[in-house]
Structure formats: C-alpha cells, structure tokens
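Welcome to this short briefing on a protein chain. Have the structure open beside you as you read, and follow along topic by topic.

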Amino acid sequence: MSDQLTLSAETRDRVGKGASRLLRREGRVPAVIYGNKEEPTPIHVNGRELMRLLMTGHFMNSVVMIDAGGSVIRTLPKDVAFDPVTDQPLHVDFLRIGEHSTVTVQVPVVFTDEEEAPGLKRGGVLNVVRHELELVVDAASIPDQVEVSLKGAEVGDSIHISAVTLPQGAQSAIEDRDFTIATIVAPSALKSSEGETEAAEGEGA
C-alpha cells in the first residue's frame, strides 16, 4: 500500500496571478483543496518540501495529509502544473477525501516472471501499452503497484486486463472493454527479414 505522506501548508487570503507570482518568488507553491461538498480552501506549500514528495515517484497515488493552520486535511493529489521551462511546480490541486472514500487513482504496472515467458526467451520484445492502470479503490488501501505476470507469454500474445489479478478491493475504472496492457512482439530484425522473404517470394511468383 502506498505510504501516507504529510505536507505542511498555510492558508492564503489573496488569490490570482499577482498573488501567486509573489508566493513563488518566496519559494512557495500555490495550491487549492476542494471536494467532499465543502468550499475550496486556497493554500500555499513549501516548494522544496513539495518537490521532495514529488520525487518519491508515487505522489499522485498517495494520500497526503495537509496540515493547514493546525487542522489536518486528508487529500489526494489530482493535478500538478509545471513550468514548461524550469520544470518547477506552479500549482497543485488536492481533492479532499474521507478516510474510506472511494477514489480513482493511476497505479503503476510492474511486469514479473519475464524469465518464464517463452516469447521473450526467443527474442520477442515486451511492448507496454499501459504503464499505469486507472483503478477505483478505498482511499485507505491504495496499492503501490499492480503486478502483471508474463509467465507462458509467447510472441504475438496480448495481455488484457481480464488476465490480471488486481489487489484486493480494487477494480478497473474502465469496465466497458477488455483492454490490452501489453503485447509480446517479434524483434524488428526478425520482422524485417520476414518482410524481405515475402517480397522476394512475391517477385519470383
């Protein structure tokens, strides 16, 4: 399960581009907490502290406890805007949630049992279609990752969501189709040589 993160914050009275620019000059990042049928709460957080959490790699699918003015608010990060030049965070949106709220999160996919995939042993290449899965889970049980086994996978095989065992209590947010997560494709050298063979045969016919 993803770690619960903490982030200190201060509420802000002034909003707008001018106020946000001033905050950023002071090393702060403007943010807002919304949802749970409550009024949005404008806040600002320490830029370095925010970057430290972003660097964990699982910030977007972790519960973040925000300590704002003495009151602790349980949230889920929903969006981070970055400066296109400096890559520094400019603004963050947090969704206010209850302890056992049902939330939709993007969870990383990790492939296992590669050594037991005949297709990969024969030189096939794993073509990842989805690096993350959109899951509906309890906020208190957000998984760190979803493991997808490649055991028995041959060249030409596709791995669909129906073949994946999701963590307990989790379900796919996409339910209307059995979408593909990855395929085992023939190596490009093999494909190009097959193409040349077919072309030669075509010329001789």
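**Helix 1 and its two sides**

On the face of helix 1 that is turned away from its buried side sit the exposed residues Lys-17 and Arg-25. Please keep in mind that this is a predicted model. The buried residues of the helix are Ala-19, Ser-20 and Leu-23. Seen down the axis of helix 1, these buried residues fall within an arc of 100°, so they line one face of the helix. In general, an α-helix has 3.6 residues a turn, so residues three or four places apart point the same way.

- The cover over the buried residues of helix 1 includes strand 2 and strand 3.
- Helix 1 spans residues 17-25 and lies across strand 2 (28-35), strand 3 and strand 6 (89-96).
- Relative to strand 2, helix 1 runs at about 125°.
- Just after helix 1 comes Gly-27, which takes a positive phi of about 80°.

**The chain as a whole**

- The protein chain contains four helices and 13 strands.
- Of the 205 residues in the protein chain, 36% are buried.
- Among contacts in the protein chain with a separation of 6 or more, 65% are between residues 24 or more positions apart.
- About 11,900 Å² of the protein chain is exposed, and carbon and sulfur atoms supply 48% of that area.

**The six-stranded barrel**

- In what order do the six strands close into a barrel? The order is 1-3-2-6-5-4, and the pairing is mixed.
- From one strand to the next in this barrel, the twist averages 45°.
- Strand 1 (residues 5-11) and strand 4 (residues 64-68) run parallel and are joined by five bridges.
- Within that parallel pair, Leu-5 has Val-64 in strand 4 as its bridge partner.
- Strand 1 also pairs with strand 3 (residues 38-46), here in the antiparallel sense and over three bridges.
- Ala-9 finds its bridge partner in strand 3, at Val-45.
- Strand 4 and strand 5 (residues 71-82) run antiparallel, with five bridges joining them.
- Ile-66 has Ile-73 in strand 5 as its bridge partner.
- Helix 2 (residues 47-54) packs on the sheet, where it touches strand 1, strand 2, strand 3, strand 5 and strand 6.
- The direction of helix 2 makes about 155° with that of strand 1.

**Thr-75, a residue of strand 5**

- Thr-75 is part of strand 5.
- Is Thr-75 buried or exposed? Its relative accessibility is 0%, so Thr-75 counts as buried, the cut-off being under 20%.
- A polar atom of the Thr-75 side chain lies 2.8 Å from the backbone oxygen of Val-64.
- Val-64 therefore appears twice in this picture, as the bridge partner of Leu-5 and beside the side chain of Thr-75, within the 3.5 Å cut-off for a polar contact.
- Leaving aside residues up to four places away in sequence, Thr-75 touches Ile-33, Ser-62, Val-63, Val-64, Ile-66, Phe-94, Leu-95, Arg-96 and Ile-97.

**The open three-stranded sheet**

- Three strands form an open sheet in the order 8-13-11, with antiparallel pairing.
- Strand 8 (125-128) and strand 11 (158-160) are the edge strands, each pairing on one side only.
- The twist in this open sheet averages 20° from one strand to the next.
- Strand 11 and strand 13 (residues 180-185) are antiparallel and pair over three bridges.
- Opposite Ile-159 stands Ala-182, in strand 13.

**Pro-118, a residue of helix 3**

- Pro-118 belongs to helix 3, which covers residues 118-121.
- How exposed is Pro-118, and why does it fall in that class? With a relative accessible area of 28%, Pro-118 is partly exposed, because this value lies between the cut-offs of 20% and 50%.
- Which residues does Pro-118 touch, not counting residues up to four places away in sequence? They are Gly-152, Ala-153 and Glu-154.
- Pro-118 and Ala-153 are 35 residues apart in sequence, and their C-alpha atoms are 6.1 Å apart in space.

Key. Residues numbered from 1 in each chain as written. Predicted model: local features only at pLDDT ≥ 70, side-chain atom pairs only at ≥ 80, totals over all residues. Heavy atoms only, no water. Pairing = 2+ DSSP bridges. Axes fitted to C-alpha atoms, helices over the stretch in contact; angles between N-to-C directions. Buried < 20%, exposed > 50% of the residue type's maximum accessible area, 1.4 Å probe, protein only. Contact = heavy atoms within 4.5 Å. Polar contact = N/O pair within 3.5 Å; in protein donor to acceptor, adjacent residues only side chain to side chain. Areas by Shrake-Rupley, 256 points an atom, 1.4 Å probe, with all protein chains shown as cover. Arc of directions from axis to C-beta.
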